[in-house]
Amino acid sequence: MEGAKIIIGSIEKHGVDRVFGHPGGAVLPLYEALRNSSLTHVLTRTEQGAAHAASGYARMTGKPGVCIVTSGPGATNIITGIATAQADSVPLVVITGQVQRDRIGTDAFQEADIAGASEPFTKHTYLVQDAADLPRIMNEAFHIASTGRPGPVLVDIPVDVQKEDVQAENDPSINIRGYKPVFKGNRKQIKAAIAALEKSERPLICAGGGILCSGSRTPLNIFLQKTGIPVVHTLMGNGAVDMDLPNVMGMIGSHGHLRAKQALKESDLLIIIGARISDRATAGGHIFEREKIILHIDIDPAEVGKNIETHIPIVGDAGDVLIYMLKHMDFTKTWDWKPSRTPSEAVVPMKSSPDRLDPAVLLHHVSEKADSDAIFTADVGLNQIWAARHITMSGKRRFLTSGGLGTMGYGLPSAIGAKMAAPERQVFAVMGDGGIQMSLGELGTLSESGEKVVILLLNNQYLGMVRELQDNAYGVDCRHGVYFKKGPDFVQIAEAYGLKSAHAYNMESFGKILEQSLCGQDSWLIDCRIDPKINSVRRF
């Protein structure tokens with residue numbers, strides 16, 4: 001069988017129904033095999049967009065997202081998408097074309113050492129030298145991407161390997177030396193954790209994105225209900241906790257809630273689940289380690305105790321550990337303590353400008369109108385923080401964003417991929433005017449797809465987060481390089497791509513446009529003119 005057909009057949013066999021890509025000369029055999037397959041191909045406008053769309057698809061289906069791009073610049077353009085997936089533990093299988101084998105190392109046209117260049121950002125990379133290895137390598141790529149801590153795997157395939165006819169084993173077994181992810185948490189360590197928990201008076205749980213990656217949302221929320229233990233979450237853990245529970249304290253970190261910070265200060269035991277506790281989560285402080293016992297549960301041993309000192313490490317799947325704890329804990333004791341000082345933080349301001357939109361008021365209104373299982377993607381910048389703080393994650397809502405790498409341009413293509421994975425659910429993409437200009441071409445992908453996404457463009461004509469950082473560091477008179485003096489008319493751009501679109505200048509006009517956008521099957525871009533003076537976090 002031809003190498004290209006082996007690759008496409010492997011994608012079909014692993015239950016993926018579509019691939020995201022941008023073709024070129026080095027993947028012509030793959031695209032010919034793809035044309036004759038059952039797979040749907042989504043032609044994105046950029047290679048980075050293909051990776052982000054595949055990321056949204058993967059995060060909603062739990063299956064690896066697959067993208068195919070050509071050699072050279074096609075491959076190097078996708079590195080940011082790969083690094084974004086790696087930082088947020090998203091399973092991707094990235095297939096890149098390569099020049100033919102006898103030209104590798106000759107500076108041939110569109111040659112780039114993508115395996116070497118992407119190695120720091122991938123879980124594993126392959127450069128395929130023999131078509132007979134393709135069935136094994138493809139099996140391994142899907143296995144590595146989706147097991148243990150999920151992540152991206154890159155398979156670089158010379159064009160002549162794609163054309164090569166071989167007699168290859170169809171479904172070789174997987175036996176990868178040195179790769180044995182631990183799923184089952186160590187029972188002795190879990191019992192030690194239970195003993196420490198039962199002695200504590202003020203335990204606190206910190207839920208990270210690993211809860212969602214592992215599908216452990218249900219056991220976590222049962223655990224929270226049965227114990228009454230207060231819970232905080234990270235940015236990536238937004239949506240992991242049922243926000244209707246009385247013991248939810250909010251988001252931690254540099255843009256988190258005061259109540260969550262206070263709970264961290266006063267707790268005497270902290271259970272971190274599926275979070276690496278990066279500098280953004282600690283906000284540069286040391287309140288995590290202040291006079292408390294720390295338990296850290298994560299499937300990746302490299303993350304346990306990496307950023308903060310851990311007293312009881314547990315390597316394993318979050319769901320497995322939580323279910324074991326539920327079976328072996330004494331539930332005659334509960335811990336419904338509250339922080340002694342609970343600073344007041346209103347969700348929305350009491351007053352807002354009549355002629356400028358306030359993002360808090362706007363997103364609170366969207367929360368009320370959206371379905372209980374709606375999907376929200378957020379880009380990076382002020383829009384990300386506003387979305388994380390002001391969209392109520394009740395019901396089965398999901399929140400997808402680039403939390404680790406902080407990649408501008410992620411929100412729109414990931415929304416497209418998420419909508420394709422869950423066509424029955426509402427999808428909103430919260431974007432800033434800076435971020436959307438990094439993925440404007442994907443408006444064309446959205447238009448062609450026929451899928452419905454409502455884009456909430458929070459437009460303040462600034463690189464707002466950088467403006468805020470400059471204000472804090474150097475004063476408001478020292479802003480430089482952050483103002484879009486001639487911002488484009490995004491409504492005209494959206495309409496040029498065949499999308500419906502409108503400007504919103506105040507809540508009255510926004511409310512009417514939102515109602516209109518929620519009807520029918522058309523995608524919308526709503527250009528919301530945001531008050532440019534509003535910062536990421538305000539205390540109302």
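The following legends describe close-up views of a predicted model. Local features require a pLDDT of at least 70 and side-chain atom pairs a pLDDT of 80 or more, whereas totals for chains, interfaces and linings use all residues. Residues are numbered from 1 along each chain as its sequence is written, and side-chain values use heavy atoms, with hydrogens and water left out.

**View A. Aromatic pair of Phe20 and Tyr57.** The whole structure contains three aromatic pairs, where rings of Phe, Tyr and Trp (its six-membered ring) pair if their centres lie within 6.5 Å, and planes under 30 degrees apart count as stacked, over 60 as edge-to-face and the rest as tilted. In this pair the ring centres are 5.9 Å apart and the planes lie at 65°, so the arrangement is edge-to-face. Phe20 belongs to strand β1 (residues 18–22) and Tyr57 to helix α3 (residues 47–61), 37 residues apart; helices (H or I, at least four residues) and strands (E, at least two) are DSSP runs numbered from the N terminus. Both Phe20 and Tyr57 are buried, buried meaning under 20% relative accessible area, exposed over 50% and partly exposed in between (1.4 Å probe, protein chains only).

**View B. Aromatic pair of Tyr462 and Tyr483.** The ring centres are 5.2 Å apart with the planes at 45°, so this pair is tilted. Tyr462 lies in the loop between β16 (454–459) and α20 (464–474), and Tyr483 in the loop between α20 and α21 (490–496). Tyr462 is buried at 16% relative accessibility, whereas Tyr483 is partly exposed at 48%.

**View C. Surroundings of Lys419 in helix α17 (residues 411–421).** Lys419 counts as buried, with 8% relative accessibility. Its contacts (heavy atoms within 4.5 Å) include Arg425, Val427, Glu451, Lys452 and Val453, not counting residues up to four places away in sequence. The C-alpha atoms of Lys419 and Tyr57 are separated by 7.6 Å, although the two residues are 362 apart along the chain.

**View D. The largest nonpolar core and a second, separate core.** A nonpolar core is a set of buried Ala, Val, Leu, Ile, Met, Phe, Trp, Tyr and Cys residues joined through side-chain atoms within 4.5 Å. The largest has 77 residues, and Ile11, Ile68, Ile95 and Ile455 have the most contacts inside it. Not counting residues up to four places away in sequence, Ile11 touches Val16, Val19, Leu39, Val66, Ile95, Met138 and Phe142. Apart from this core lies another of 51 residues, among them Ala207, Ile252, Leu326 and Trp337.

**View E. Packing of helix α11 (residues 217–227).** Its buried residues are Pro219, Leu220, Asn221, Phe223, Leu224 and Thr227. They pack against α9 (187–199), β7 (203–207), α10 (210–213), β8 (231–233), β10 (269–273) and α14 (318–328). Gly228 follows α11 and has a positive phi, near 70°.

**View F. Helix α16 (382–390).** Nine of the nine residues of α16 are buried, including Leu382, Trp386 and Arg389. Together with β9 (248–251), α16 is among the elements that each supply at least two residues of the lining of the second largest pocket. Arg389 is one of the lining residues closest to the pocket centre, as are Met243, Gly250, His257 and Val347.

Methods
1 Å grid on protein atoms, 1.4 Å probe; cavity = no way out; pocket = protein on both sides within 12 Å on 5 of 7 lines; lining within 4 Å.
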